[in-house]
Amino acid sequence: MEFTNEELINFLKKNDIRPSNIRLKVLKYLLENRIHPSAEDIYNGVIDEIPTLSRTSVYNTINLFKEKGIVSELYLDDKEVRYDINTKLHGHFKCEECGRVYDFPVTSILHSGLEGFVIKKKEINYYGVCINCQ
Ligand SMILES: [Zn+2]
Ligand SMILES: [Zn+2]
């Protein structure tokens, strides 16, 4: 799926983020590459379009997106943090063979014993071998 510049600008504005070239390119990369990339993946994906790009500006952009709630962080027993533009509750399946992370829909989670607790983050992570690697 491809996004136009106008769609990207509107997406940022809607989330109270002032559009800049780097922000637009990082957003475009995240929306068009639903692979749960690391910061390094994002840097490598955008560097061709912005040759002057620094890793610091990629990190700053991701942190801003995180603050505004348009990306979430994933820790899937990797050394690297991965990022996910889809912040609606969903599960992750990580294949231990190919390393790919699959999204799957989650309709509801039943839990009890946390009445009155403030829940800030929910993660549903599965690990195993994906159908392509069997
Ligand atoms: Zn696999
Ligand atoms: Zn995901």
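Which residue in β4 does F93 stand opposite? In this predicted model, the partner of F93 in β4 is Y102. That pairing is a convenient way into the sheet, since F93 also has a partner in another strand: in β5, F93 stands opposite Y126.

The sheet itself is open and consists of 3 strands in the order β4-β3-β5, with mixed pairing. Its edge strands are β4 and β5, each of which pairs on one side only. From one strand to the next, the twist averages 25°. On one side, β3 (residues 90-95) is joined to β4 (residues 101-105) by 5 bridges, and the two strands run in the antiparallel sense. Besides the pair formed by F93 and Y102, this ladder places G91 opposite F104 and H92 opposite D103. A hairpin links β3 and β4, with 5 residues between the strands. In the turn of this hairpin, G99 takes a positive phi of about 80°. Toward β5 (residues 125-128), β3 makes 4 bridges, and here the strands run parallel. Both senses are familiar ones: strands of a sheet pair through backbone hydrogen bonds, either parallel or antiparallel.

Turning to the helices, α2 covers residues 21-32 and has 12 residues. From its first C-alpha to its last, α2 reaches 16 Å, close to the 16 Å expected at 1.5 Å a residue. Which residues of α2 are buried? They are L24, K25, V26, L27, K28 and L30, so the list includes two lysines, K25 and K28, under the criterion of 20 or more other C-beta atoms within 10 Å. The partners of these buried residues are spread over several elements: the packing is against α1 (5-14), α3 (39-46), α4 (55-67) and β2 (82-84).

Another helix contact is that of α3 with α4. Two packed helices are described by the angle between their axes and the distance between the axes. For α3 and α4, the angle is about 115° and the axes are 10 Å apart. The crossing of α3 past α4 is right-handed. On the α3 side the contact involves A39, I42 and Y43, which meet R55, V58, Y59 and I62 of α4. By class, the residues of this contact comprise 6 nonpolar, no polar and 1 charged.

The loops next to α2 hold two backbone features of interest. Most residues other than glycine have a negative phi, and most peptide bonds are trans. Against that background, D16 has a positive phi, near 65°, and lies in the loop between α1 and α2. H36 likewise has a positive phi, near 55°, and is found in the loop between α2 and α3. Is each of these residues buried or exposed? D16 is exposed, because 10 other C-beta atoms lie within 10 Å, and a residue with 12 or fewer counts as exposed. H36 is buried, because 23 other C-beta atoms lie within 10 Å, and the cut-off for burial is 20 or more.

Key
Residues numbered from 1 in each chain as written. Chains lettered and ligands numbered in written order. Predicted model: local features only at pLDDT ≥ 70, side-chain atom pairs only at ≥ 80, totals over all residues. Expected span 1.5 Å × (residues − 1). Contact = placed C-beta atoms within 7 Å. Axes fitted to C-alpha atoms, helices over the stretch in contact; angles between N-to-C directions. Left-handed = near helix turned anticlockwise from the far one by under 90°. Nonpolar A, V, L, I, M, F, W, Y, C, P; charged D, E, K, R; others polar. Pairing = 2+ DSSP bridges.
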